[in-house]
Amino acid sequence: MNAVMHFLSLGRAPGSKTLPFVAILFGVTLLASLGNLLIPETSALHVSTYTITLLGKYLSYALLALSVDVIWGYCGILSLGHGAFFALGGYAMGMYLMRQIGDRGVYGNPILPDFMVFLNWDELPWFWLGMDQFWFAMLMVVFVPGLLAFVFGWLAFHSRVTGVYLSIITQALTYALMLAFFRNEMGFGGNNGLTDFKDLLGFDLQSDTTRVALFAITAVILGGVYVLSQAILKSRFGKVVEAIRDGENRVRFLGYRTERYKVGLFVYSAVIAGIAGALYVPQVGIINPGEFAPLKSIELVVWVAVGGRGTLYGAVVGALLVNYAKTRFTAILPDGWLFILGGLFVLVTLFLPKGLVGLVGQLRSRFKPSKTTEEPAA
Amino acid sequence: MKRLCLWATLWLLTSTALAESLFEQRLGELTEASLAETQSLLEALEAEGDPRLLPLFDALFNGNLYYRDADQTLVAADPNTGDAPYIGILSGEVIASLNEDNVTKVRVNNRLRRYLNDALARLKLTAPDPAIREAAVNELLTQLNADTIAQLDVLRADEQNAKVQQALDTALNLYTAQSSDQVGARVQAIGELSSSLQNAVRNALARLAEDEDAPEAVQNAAAESLNSIEQKFTFYGYVDQLFFGLSLGSVLLLAAFGLAITFGVMGVINMAHGEMLMLGAYTTFVVQQLMPNAINQSIWVAIPMAFLVAGSVGVLIERCVIRFLHGRPLETLLATFGISLILQQLVRTIFSPLNRRVVAPDWLSGSWQINPALSLTFNRLYILIFALIVFALLVLIMKKTALGLQVRAVSQNRAMAKAMGIKTDWVDALTFGLGSGIAGVGGVALSQLTNVGPNLGQSYIIDSFMVVVFGGVGNLYGTLVAAFSLGVANKFLEPITGTVLATTLVLVFIILFIQKRPKGLFPQRGRAAE
């Protein structure tokens, strides 16, 4: 009991929710994995593979939300195009998985994916070369979103595009990419995207063990990124970033090259989004240009807003809650979900500027004095 | 003298009356004549030269001629349906009581059809309406022979109308170019053909230019003329693209006005702006459902209704949500996005997710045929004009009214305007209402071009954001220039790169443009650091 109290108080110390967060994350992951693998299906405690995949999907969404929170919550840059980085990472993973299909496709071509055979292409486009190597594909997962973010961020931040202007052009960016990826000539499968994946590094994607492993890897990466982000944001670099959020001109006048900090953070955030996409694709089994849709990008902003921006665990909580709600509601009331999502946007911005996490904080500070008098030991 | 006049008039009257009765009498015989007799009867009718011959022969040729069983009155069935409504040949009016049960078809055979075909051509060539004569000459261009040319030559001598003269000259020249014995005459005729835009001429010249049997001089002349015709076609092709670009630009303009105003005045981006377009379009649909018998007039009701509906929704959004988010533009963006989702879903729930079709009024359908190579559709033309009228009105409101003055004051310096006693709250609400109302009116225009669906607004919203960003915020002239240049750029890129890539390229261009000129083409001048 004492140890638990100690643990909680550690959690309440300023700025370090890291330990409880990671502990809860890993604990739940472990329980769910064991529940799937060890407990027989007949038992009530069995966790179905469907649930595992769903949880894995949620966790990759949480990682995506984390990437948005890093730049929005800590640097005040509202990107409405983060879905683009997510989808690019996803496409890189999808290309690797496509190449792994080999001659098991419908047309049985050992080199070309089905859709290229269908389009009567003779050889692999240059950007598909090397994607059959896992390490190269993983490099691309990080490199492509990072490069796009660097070029875009460098151009935008150097010409001091800020505020709503930046939001709108990030939205235009993902919209332009969506239109481009819808074209068959782009060589990414057009409208249908990439799907029918068979295995990853030789492991069958349909098997329970692979699913659990993917879920566990997602959890580990989420935990790792969380710790890393926390460290970055606590560092000197992080302090400057927060200062930029609160008064960019002042920071600039103090002699900091604010655009360099912003570009750096933007690239970091895009890379995380790309990794989230790469984790998402093998679990869901498809990547198509719909992931670039501006609606998806803006939806993930609301996850962060609901959870509470400016706190990393808030973003994660928001992503999990909203997506869980979405899964439930679209099953019960398919038409109602957009009402709820729209309502969330309005209500959260009007009444919960700091999200649910902020609400908890508000309630706590309101009730704390009475609580301490009643139960001093707690 | 007086008497003579009287006699003359009387004689004229009786003779026309006689001719009329003769025509009608012969018409009456048509229903009883055997197929063998019909042709001589028709020839006699043609000799009478009556204006009602054209509809009669036309109906007979197309198998649409019937007679009423009761009294053998000749009627023509509707050419589109081959059925009711039937139009009386003599009266030229619809006879409502008829249907397929109480009429009988007048039969024709192939021999008659051949005769009718020629007769129709003759009738059309001598029709009183010059437009019909011109069309008839142009129709003949593909089937010229010595007989028709002899006829056309005679007609040319008497022709008074300049356009028909030109058409006849083209036909005569075309015949000379193809079949004259003298090389010189052919070359000259070919040279004169270079001003024609008829497809038949273009094809004939192309054949001549490739024809191995023709003299070299003729081939060269044909190639030269063809070249000059092709140049004209290319030119009109560009004019056509320009028109489509301007048309797209006018739609973008109507969508972007409201955004430009609200962003200029309040510094907020209204993501629900596209849904105001959608509401305007649905208002048009509802108004049409409410007055199904007056489609042509419904649009005049729809325009103010759409303005009111979208405008009041706009005011409602401003009062209920946006004013609480003052000074937090990013949150406003998110909240209005939520509203747009709710509005879309609302429309989906009420009207079903399927697209609805708004019927275009008669005067909006069809096209203005300028020449064979260029025709402009009326709906796009009117929408272009409409957008310009709205633009002029807005400029007037902004420059000449008290509201405009206050709006400009608030957009330049909110705090100072407030200090001068301007009710900024009220200005905000009205601006928002105005911007949304104009988007609603834009929705009416849009409903004439595309189907009306819940996603209507979304497909235009990103483009209209780009217009605002490109043109510079809060600047109506900037919006005008930006909308038209983006529209035209899009349409000129489309044939080269394809639709999707064109849109993508324009977006990429704007993203790059913003890097260079972050405040748009025509930035508002100010002294603030931020």
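This dialogue reads a few features of a predicted model.

Me: What should I know about the numbering and the model?

Reply: Residues are numbered from 1 along each chain as its sequence is written, while chains are lettered from A and ligands numbered from 1 in the order in which they are written. The model is predicted, so that local features need pLDDT of at least 70 and side-chain atom pairs count only at pLDDT 80 or more, whereas totals for chains, interfaces and linings use all residues.

Me: Which residues have the most contacts inside the largest nonpolar core?

Reply: In soluble globular proteins, nonpolar side chains tend to be buried together. A nonpolar core is a set of buried Ala, Val, Leu, Ile, Met, Phe, Trp, Tyr and Cys residues joined through C-beta atoms within 7 Å; buried means 20 or more other C-beta atoms within 10 Å, exposed 12 or fewer, and partly exposed in between, with C-beta atoms placed from the backbone. Here the largest core has 197 residues, and A:Leu63, A:Ala65, A:Leu66 and A:Val302 have the most contacts inside it. A second, separate core of 25 residues includes B:Ala177 and B:Leu193.

Me: What is the sign of phi at A:Asp196, and where does this residue lie?

Reply: Most residues other than glycine have a negative phi. A:Asp196, however, has a positive phi, near 65°, and its place is in the loop between β1 (194-195) and β2 (199-200) of chain A, strands being DSSP runs of E with at least two residues, numbered from the N terminus. A:Asp196 is partly exposed because 16 other C-beta atoms lie within 10 Å.

Key. Helix = DSSP H or I, 4+ residues; strand = E, 2+ residues; numbered from the N terminus.
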